[in-house]
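Work through the following exercises with the sequence and the model at hand. Each task is followed by a stepwise solution.

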Amino acid sequence: MVLVLASGRGERYAASGGTGSKLQARLGEFTVLEHTIAAVIASGLRLHVEDAGHPGMGDSIAASVRATAGADGWLVLPGDLPLVSPASLHAVAEGLARASVVLPFYRGTRGHPVGFARELGPALQALTGAEGAASIVRVAQPLKLELDDEGIVTDIDTVDDLARAEALLRRRKGA
């Protein structure tokens with residue numbers, strides 16, 4: 001189950017000169033969030049969008065896991081990663097057969113989605129605050145998965161990030 005987190009306030013985006021929600025910002029023909037959701041749909045994995053306006057990422061993850069408690073595991077994907085590839089989503093999901101936590105990396109930089117096995121459901125449901133699931137990752141022995149997908153580290157936090165994502169999207173379409 002891919003949990004697309006869309007509850008953030010986007011304060012850094014606004015501080016950088018962005019107007020409105022970063023998730024609703026245009027990136028090519030679609031919004032940032034529409035791109036993220038389209039990648040999940042293209043992967044064929046199940047999807048849950050959490051957009052209830054929780055105070056922190058931990059609260060969003062907990063609400064998402066409670067809403068999808070019957071899932072075999074979860075991939076936590078912030079809604080502001082519009083260029084993540086469906087193949088990367090599959091790779092992280094497949095990694096959960098080997099470890100209870102899967103951390104994807106692109107050229108040594110940690111990205112998203114982070115995968116969590118079913119047995120971590122109760123711990124995920126108990127999360128609160130801005131830290132997300134870092135406390136769970138710290139005590140795990142995660143599988144570190146190197147992926148050739150710049151999209152797993154291309155998040156949109158500022159207007160400049162959006163411009164970089166637009167350039168990457170154009171390069172991909174031209175390739």
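**Exercise 1: the surroundings and sides of α4**

The cover over the buried residues of α4 includes α2 (32-43), β5, β6 (101-106), β8 (114-117) and β9 (143-146); contact means heavy atoms within 4.5 Å. The model is predicted: local features need pLDDT of at least 70, side-chain atom pairs count only at pLDDT 80 or more, and totals for chains, interfaces and linings use all residues. Residues are numbered from 1 along each chain as its sequence is written, and side-chain values use heavy atoms, with hydrogens and water left out.

Task: state which residues of α4 are buried and which are exposed.

Solution.
1. Helices (H or I, at least four residues) and strands (E, at least two) are DSSP runs, numbered from the N terminus.
2. Buried means under 20% relative accessible area, exposed over 50%, partly exposed in between (1.4 Å probe, protein chains only).
3. Ser88, Leu89, Val92 and Gly95 of α4 are buried.
4. These residues lie on the same side of α4 because they cover an arc of only 125 degrees around the axis, taken from the directions from the helix axis to the C-beta atoms.
5. Ala87 and Glu94 are exposed on the other side of α4.

**Exercise 2: the lining of a pocket**

Task: find which helix gives the most to the lining of the largest pocket.

Solution.
1. Two helices, α1 (11-15) and α3 (57-67), each supply at least two residues of this lining.
2. With 3 residues, α1 gives the most.
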